[in-house]
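Please keep the viewer open beside this text, with a selection box ready. Each stop below names something to select and then says what is there.

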Amino acid sequence: KFYATEQVVLSPVLMNIPNNTYLISFPNKELLKNENFKTFLSKVGMKSGIGDGAIISCFQRIYNDFNTRPIDPNLIDLLKILISSIRNHEKCSSAIFLPSEVNILHRPPELFINSSPHLHEYLSEEQLSKCLHNQMHIHSAYKLGARPSEELFCTNNDSEFGLEEDITDRIKGLIREMPIDSVFKELIQNADDAKATEIVFILDNQDYSSHDKYLVSNLPNWKSLNSHPSLSVYNNKGFSGEDIKGIQNLSVGGKTSNRNTIGRFGLGFNSVYHITDAPTFLTTCSGTQEFEFCCFDPFFKYTSDPFVRRHKRGLRRGIPFHHSDKFFDQLYPLRYEHLRRNDVINKSLANIWN
């Protein structure tokens, strides 16, 4: 059989893939030992490895043959190699297709990565048909635009929630200037500014990391957020949409004494970095039927790739009330009724405050 030169590469990586006529390795290894012949092949346009252009052309040929029909399962090995070989994901994202669990090709943004395996049981047949094939390279699929599976059940899948990149050095400076007991003072002040009538401090020593109903639960460090003792703080005033925007824009200079100028949260909220690398809050917003779950991660320790697409350092998810059971282990430690049942307003905490 004859092939166009753009359908053949000198690299042996595509050898022995059944029924593959789309992009192949040059079949005769002995001939490639002849440098003159190898030079000839290069002169006529044959590439030594798999470039992005060849990958795009190959996907187009496969899609033209199968369109919306299931592809030959033998081609999964080929697609797996192609996807993991992509260099410029941005360039390729709009030009290639990825296979679903049922071997149908889709544009990457139409597919969902199984980032939270426990959600599999909640997926409808149609949603399952839009899950990325389990043999595909997850990091590459994510970079091409495939979405984490919890987005099927969440709103406000906000890639831009969190702190700016240069905030870490400023936080270090601020906590040097603030005594550790300012944490309680500032959180009480925030509650007062919000016109809350109740605030509760609870030291929760429980370890929740053995559970599995988390957001983006495949992130290696994500569960560890719930493995350590935590200071849980409740007040009876939810955040507004403006509050969620404002808490991300913590000013570090200027009129720090004027709370009307610097906003409800002001500099003082940064004092919580005395005791945590990842301040996390759960709130309801007036006029909505959902929880807002937000986590700051200034050191990219917990919300690193592949499943959290963002430029700022943090994670935000809106979780409708009727889907909250799907992320029970993520929300439970922050739910007020759970904290109340614990009835553990720790005396040592009161001593620190005194």
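How many residues apart are Lys80 and Asp77 in helix α4, and about how many helical turns separate the pair? Select both side chains in this predicted model: the two residues stand 3 apart in helix α4, which means that about one helical turn lies between them. Their side chains form a salt bridge, with an N to O distance of 3.8 Å. Lys80 is partly exposed at a relative accessible area of 31%, and Asp77, at 35%, likewise counts as partly exposed.

**The whole chain**

Before going further, display the full chain, whose 354 residues are 45% buried and whose secondary structure consists of 14 helices and 12 strands. With contacts drawn between residues at least 6 apart in sequence, 71% turn out to join residues at least 24 apart. If a surface is switched on, its accessible area comes to about 18000 Å², and carbon and sulfur atoms account for 49% of that.

**Helix α3 and what follows it**

Select residues 52–66, which make up helix α3: its 15 residues reach 21 Å from the first C-alpha to the last, close to the 21 Å expected at 1.5 Å a residue. Colouring by burial picks out Asp52, Ala54, Ile55, Ile56, Cys58, Phe59, Ile62 and Phe66 as the buried residues of this helix. To see what these buried residues pack against, add α4 (76–85), α5 (89–92) and β4 (105–106) to the selection. Just beyond the end of α3, stop at Asn67, where the backbone takes a positive phi of about 50 degrees.

**Aromatic rings**

A pair of aromatic rings is described by the distance of the centres and the angle of the planes. In this model there are 6 such aromatic pairs. For one of them, select Tyr63 and Phe97, whose ring centres are 4.0 Å apart and whose planes meet at 0 degrees, so the pair is stacked. Because Tyr63 belongs to helix α3 while Phe97 sits in the loop between α5 and β3 (98–99), the pair ties together parts that are 34 residues apart in sequence. Phe97 itself counts as buried, at 5% relative accessibility. Next select Phe26, Phe37 and Phe40, which ring pairs link into a cluster. A ring with a charge over it can be found at Tyr122, where the charged end of Lys326 sits 4.9 Å from the ring centre.

**Phe161 and Cys295**

Which element holds Phe161? The residue lies in the loop between β7 (155–158) and α8 (167–177), and with a relative accessible area of 0% Phe161 is buried. Expand the selection to its contacts, leaving out residues up to four places away in sequence, and the list includes Ile244, Phe281, Phe296 and Lys312, as well as Gln248 and Cys295. The C-alpha atoms of Phe161 and Gln248 are 7.3 Å from each other, although the two residues are 87 apart along the chain.

Now move to Cys295, which is placed in strand β11 (residues 290–296) and which also counts as buried, at 0% relative accessibility. Between Cys295 and Phe161 the C-alpha distance is 8.5 Å, across a separation of 134 residues in sequence. Beyond its neighbours within four places, Cys295 also touches Trp222, Leu225, Ala278, Pro279, Thr280, Gly314 and Leu315.

**Salt bridges, buried and exposed**

The whole structure contains 5 salt bridges, and two further ones are worth selecting here. Glu292 forms a salt bridge with Arg316, the closest N and O atoms being 3.0 Å apart. Since Glu292 lies in strand β11 and Arg316 in strand β12 (residues 314–320), this pair ties together parts that are 24 residues apart in sequence. Are Glu292 and Arg316 buried or exposed? Both residues are buried.

As a last stop, select Lys33 and Glu30, whose side chains meet in a salt bridge with an N to O distance of 3.1 Å. Here Lys33 is exposed, with a relative accessible area of 60%, and Glu30 is exposed as well, at 54%.

Terms used: Residues numbered from 1 in each chain as written. Predicted model: local features only at pLDDT ≥ 70, side-chain atom pairs only at ≥ 80, totals over all residues. Heavy atoms only, no water. Helix = DSSP H or I, 4+ residues; strand = E, 2+ residues; numbered from the N terminus. Buried < 20%, exposed > 50% of the residue type's maximum accessible area, 1.4 Å probe, protein only. Contact = heavy atoms within 4.5 Å. Areas by Shrake-Rupley, 256 points an atom, 1.4 Å probe, with all protein chains shown as cover. Expected span 1.5 Å × (residues − 1). Phe/Tyr/Trp six-rings, centres within 6.5 Å; stacked < 30°, edge-to-face > 60°. Lys NZ or Arg CZ within 6 Å of the ring centre and 35° of its normal. Salt bridge = Lys/Arg side-chain N within 4 Å of Asp/Glu carboxyl O.
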